[in-house]
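Here is my note for a colleague who has not met this structure before. Please look through the sequence and the structure first.

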Amino acid sequence: MPLGKDFRLQEGGSVAVAGTDLVVTFTRLITDSRCPTNVTCIRQGEATIALKITGLDDPQTIQLSVPADGGTNEKRVGGFLIHLETVEPWPTDPAGSAGQSDVPVVAVLRIDKN
């Protein structure tokens with residue numbers, strides 16, 4: 001996966017960043033309180049994921065959240081900036097769980113050089 005390009009990473013999956021020793025693993029969906037598509041909500045909520053970052057001097061586990069109303073969340077790790085663009089699928093169940101069906105949870109990420 002090249003730097004600076006959006007990519008999709010399924011929960012439990014890993015990707016190596018081209019030209020670096022960096023490996024990113026989507027360990028789990030922590031919470032998903034986004035408003036389901038078929039419900040009217042007062043609060044939009046957010047989805048939070050955990051990523052394990054290895055290939056650095058100090059491996060780390062980070063959390064990134066994306067609000068339901070758009071926008072990205074990003075964190076600096078080593079010499080890299082990791083962006084969470086979105087989490088798919090969007091909840092359709094009033095329980096608010098993206099992983100409510102057999103459809104795997106996928107994070108759309110981008111990694112840039114810091």
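The points below take up one sheet and then the salt bridges of what is a predicted model.

1. The sheet is open and has 4 strands in the order 2-3-4-5, with antiparallel pairing. Its edge strands are strand 2 (14–16) and strand 5 (60–67), each of which pairs on one side only, and the twist from one strand to the next averages 30°.

2. Within this sheet, strand 4 (residues 46–54) and strand 5 run antiparallel and are joined by 8 bridges; a reader who wants to locate the pairing may start from threonine 48, whose bridge partner in strand 5 is serine 65.

3. The structure holds 5 salt bridges, including one between the side chains of glutamate 88 and arginine 8, at 2.5 Å from N to O. This pair links distant parts of the chain, since glutamate 88 lies in strand 7 (residues 80–88) and arginine 8 in strand 1 (residues 7–10), 80 residues apart. Glutamate 88 counts as partly exposed because its relative accessibility is 28%, whereas arginine 8, with a relative accessible area of 54%, is exposed.

4. Glutamate 85 and arginine 110 also meet through their side chains in a salt bridge (2.8 Å, N to O), and here glutamate 85 in strand 7 is linked to arginine 110 in strand 8 (residues 106–113), 25 residues apart. Glutamate 85 is partly exposed, at 21% relative accessibility. A network of salt bridges links Asp6, Glu85, Arg110 and Asp112.

5. Are the partners in the salt bridge of arginine 34 and aspartate 32 buried or exposed? Both arginine 34 and aspartate 32 are buried, and their closest N and O atoms are 2.8 Å apart.

Note on methods. Residues are numbered from 1 along each chain as its sequence is written. This is a predicted model: local features need pLDDT of at least 70, side-chain atom pairs count only at pLDDT 80 or more; totals for chains, interfaces and linings use all residues. Side-chain values use heavy atoms; hydrogens and water are left out. Two strands pair if DSSP finds at least two bridges between them. Helices (H or I, at least four residues) and strands (E, at least two) are DSSP runs, numbered from the N terminus. Axes are lines fitted to C-alpha atoms, for helices over the stretch in contact, and angles run from 0 to 180 degrees between N-to-C directions. A salt bridge is a side-chain nitrogen of Lys or Arg within 4 Å of a carboxyl oxygen of Asp or Glu. Buried means under 20% relative accessible area, exposed over 50%, partly exposed in between (1.4 Å probe, protein chains only).
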